[in-house]
Amino acid sequence: MAAPESDDELLHPLQTTFGYPAFRPLQREIISASLAGQDVFALLPTGGGKSLCFQLPALVRPGLTVVVSPLIALMKDQVDQLQAAGVAATFLNSSLTEGEARSRLAGLHRGEWRLLYVAPERLMLDGWQDNLKNWNVTAIAIDEAHCVSEWGHDFRPEYRQLAKLRDLLPTVPVMALTATATGRVRADIITHLRLRAPATFVASFNRPNLTYRVLAKDEPLKQILDFAHRRGDESGIVYCATRATTERVAESLARRGLAARPYHAGLAPEERSVNQELFLRDEVKIICATIAFGMGINKPNVRWIIHHDLPKNIEGYYQETGRAGRDGLPGDCLLLFSGGDIAKQTHFIEEITDEHERNVARAQLRQMTHYAENAACRRRELLVYFGETFPLDHCGACDNCLEPRDTYDGTVVAQKFLSCVYRIWQAGRYGVGLNHLSEVLTGADTEKIRRWGHEQLSTYGIGKELTRPQWASVGRELMRLGHVAQSTGEFPVIELTEAGLAVLKSRESISLTKPMDTPKAKRVIRREGDIACDEILFARLREMRKKLADERRVPAYVIFGDATLRQMAREYPATEAAMHGIFGMGEKKRAEFGASFAAAIRSFLETNPRITFD
């Protein structure tokens, strides 16, 4: 099908069906390429509007758009929102009864649906080939496409089977979409899905509405409680490394009056489903979860994310923090960090049986540790990882930019560390790991030190003024500065670089960053970007939204997102006609809910004055 000749043909459904005044960056170009019959690879950050890139073309082009989606919750969530906007969308998965599935299949044979969401394994079942040929499939969208790559953070072997669609439906354009992928993963996606000269779109990874903070972990439950209490009634997610931790943290928060539930793959499916549904409907404000929670969640009003433990890699961290602020309003991301977390993750890594996978995991953990300990702009560090340059020196929305850590003259400690690396290599012509270096510097009495004779070194015990974790932190900073390097392999060792050897010989001064403080109380970063509005009216509109959502047994954001309610609480549209142009207010939703919300605003104004906003 040829691309629409004018913007009007796409702006009309954008505004009337979805209620959006304009396209987000790259959406218009992606949609046009798809409608022109091209294969498309699209990398848009979480909250960047990936779904619209295949949902809107499905309304414009004839036939059926098949959407491959990995999680049942994600399918139901998107279909609920599409149906609320008046779009003929459905899904087929194992959550349906036999009768429900049969009814939907019959509708597909009659051509009643514009979008079909389906899991990759079901799509490749025997018998579905004839169905796909008979349903007038005119487009295929593969969501979460990074699942096809073993280099991605969520590899799923069943995604590799999707390449067979190329032979089954050779003329049908394919769109692959993901929110996070390095250059290597992008190439894997294009290769394994057999995309043909795809139009490629890579949006900025920058999420300007998110703030990033890292705190030294100290009594993490108290830190989480303080963080959550400061944010009142807002929704948040606490990511934990283990199932046991999610349950312990959720129980502790609940005992202290916060509506919190756990979520992990070890829970009974019924309990997991109930906890997720309560969170989506704002009955539960906090979910304490492993990384099993997130990819299927399309909740736009998550306002904060806490990582109780150090994530395994930056891609996972980026995607998990991306659950906050999907509606474009501000979100806060807090990582609690301790050196002990590095040891825990290292232990998990050593249990991986494949040597190649272990080496990849070690490298990813080093990058994640570098991010946590680094004193530079966190936004810049994240963007560099994905091959993007942040144009400013300071983002103004991370702890390192707003509250820079002090530096100190680290020449003496650097010389001690570098000398120890050199003396150990000189004594035996081999290197040792960071932990062993810390033990030598602090004068530890270990079996390895005695076996290798390292208690005889001139550098043995010269660093007793620092603890072993502090020496390890110094070593990692010298690694970041390029004075030492860590080898790969099963037993990574610390080695002097040419730059480090030059510093050791010249004794030039070195400035190091002071470690993160262990704060008992630290001020909250002020969030920019909230839509200023009448907060009392906003709270009333939220109550009304929840009542309507409960009556329809759908999450609150299926009715309206927070951005929509905030605009109403700012502009006071007291008639249905005045609702025109409110963000997220498509024609169907205006017809269904506009009068009710307008009446609520009129009632509010009878006893409350309007507030004027600049």
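Rings of Phe, Tyr and Trp (for Trp, the six-membered ring) pair if their centres lie within 6.5 Å; planes under 30 degrees apart count as stacked, and over 60 as edge-to-face. By this rule the count here comes to 13 aromatic pairs. Keep in mind that this is a predicted model.

**Exercise 1. Classify the ring pair of Phe 54 and Tyr 117, then place both residues in the chain.**

Start with the geometry. A pair of aromatic rings is described by the distance of the centres and the angle of the planes. For Phe 54 and Tyr 117, the centres are 6.4 Å apart and the planes are at 65°. The cut-off for edge-to-face is over 60 degrees, so the pair of Phe 54 and Tyr 117 is edge-to-face.

Next, the location. Phe 54 belongs to helix α3 (residues 52–60) and Tyr 117 to strand β4 (residues 115–118), so the pair links distant parts of the chain, 63 residues apart.

Last, the surroundings. Buried means under 20% relative accessible area. Phe 54 has 3% relative accessibility, so Phe 54 counts as buried. Tyr 117 has 1%, so Tyr 117 counts as buried.

**Exercise 2. Do the same for Phe 205 and Phe 386, and find the cluster that holds them.**

The two ring centres of Phe 205 and Phe 386 are 4.2 Å apart, with 10° between the planes, and the pair is stacked. This pair, too, links distant parts of the chain, with its residues 181 apart. Phe 205 sits in the loop between β7 (199–202) and β8 (210–216), while Phe 386 sits in the loop between α16 (378–385) and α17 (399–402). Phe 205 and Phe 386 are both buried. Now follow the ring pairs outward: they link Phe 205, Tyr 318, Tyr 385 and Phe 386 into a cluster.

**Exercise 3. Which rings have the charged end of Arg 104 or Arg 378 over them?**

Take Arg 104 to begin with: its charged end sits over the ring of Phe 91, 4.5 Å from the ring centre. Then go to Arg 378, whose charged end sits over the ring of Tyr 371, 5.5 Å from the centre.

**Exercise 4. Describe how helices α10 and α11 pack.**

Helix α10 (residues 220–229) and helix α11 (residues 243–255) pack at an angle of about 50°, and their axes are 11 Å apart. That angle makes α10 oblique to α11. For the handedness, α10 passes α11 in a right-handed crossing. To finish, list the residues in contact: α10 brings Leu 221, Ile 224 and Leu 225, and α11 brings Val 249, Ser 252 and Leu 253.

**Exercise 5. Describe the crossing of α23 and α26, then work out what covers α1.**

The axes of helix α23 (residues 535–552) and helix α26 (residues 587–607) come within 11 Å and cross at roughly 145°. The crossing of α23 past α26 is right-handed. On the α23 side the contact residues include Ile 536, Leu 537, Leu 541, Met 544 and Leu 548, along with Arg 540, Arg 545 and Arg 552. On the α26 side they include Phe 593, Phe 597 and Phe 604.

Now for helix α1 (residues 8–16). The buried residues of α1 are Leu 10, Pro 13, Leu 14 and Thr 16. Their cover includes α2 (27–35), α3 and α26.

**Exercise 6. Is Thr 564 buried or exposed, and what does Thr 564 touch?**

Find Thr 564 in helix α25 (residues 562–571). With 3% relative accessibility, Thr 564 counts as buried. Leaving out residues up to four places away in sequence, Thr 564 touches Ile 582, Phe 583 and Gly 584.

**Exercise 7. Look up phi for Arg 194 and Arg 429, and say how exposed each residue is.**

Phi of Arg 194 is near 55°, a positive value in a residue other than glycine. Arg 194 lies in the loop between α9 (183–192) and β7. At 36% relative accessibility, Arg 194 counts as partly exposed.

Phi of Arg 429 is near 60°, again a positive value in a residue other than glycine. The loop that holds Arg 429 runs between α18 (411–428) and α19 (434–441). Arg 429 has a relative accessible area of 57%, so Arg 429 is exposed.

As a last step, go to Ala 427, which lies in helix α18. Ala 427 is exposed, with a relative accessible area of 54%. The C-alpha atoms of Ala 427 and Leu 457 are separated by 8.2 Å, and these residues are 30 apart along the chain.

Key
Residues are numbered from 1 along each chain as its sequence is written. This is a predicted model: local features need pLDDT of at least 70, side-chain atom pairs count only at pLDDT 80 or more; totals for chains, interfaces and linings use all residues. Side-chain values use heavy atoms; hydrogens and water are left out. Helices (H or I, at least four residues) and strands (E, at least two) are DSSP runs, numbered from the N terminus. Buried means under 20% relative accessible area, exposed over 50%, partly exposed in between (1.4 Å probe, protein chains only). A charge sits over a ring if NZ of Lys or CZ of Arg is within 6 Å of the ring centre and within 35 degrees of the ring normal. Axes are lines fitted to C-alpha atoms, for helices over the stretch in contact, and angles run from 0 to 180 degrees between N-to-C directions. Angles under 35 degrees count as roughly parallel, over 145 as roughly antiparallel, 65 to 115 as roughly perpendicular and the rest as oblique. A crossing is left-handed if the near helix is turned anticlockwise from the far one by less than a right angle, and right-handed if clockwise. Contact means heavy atoms within 4.5 Å.
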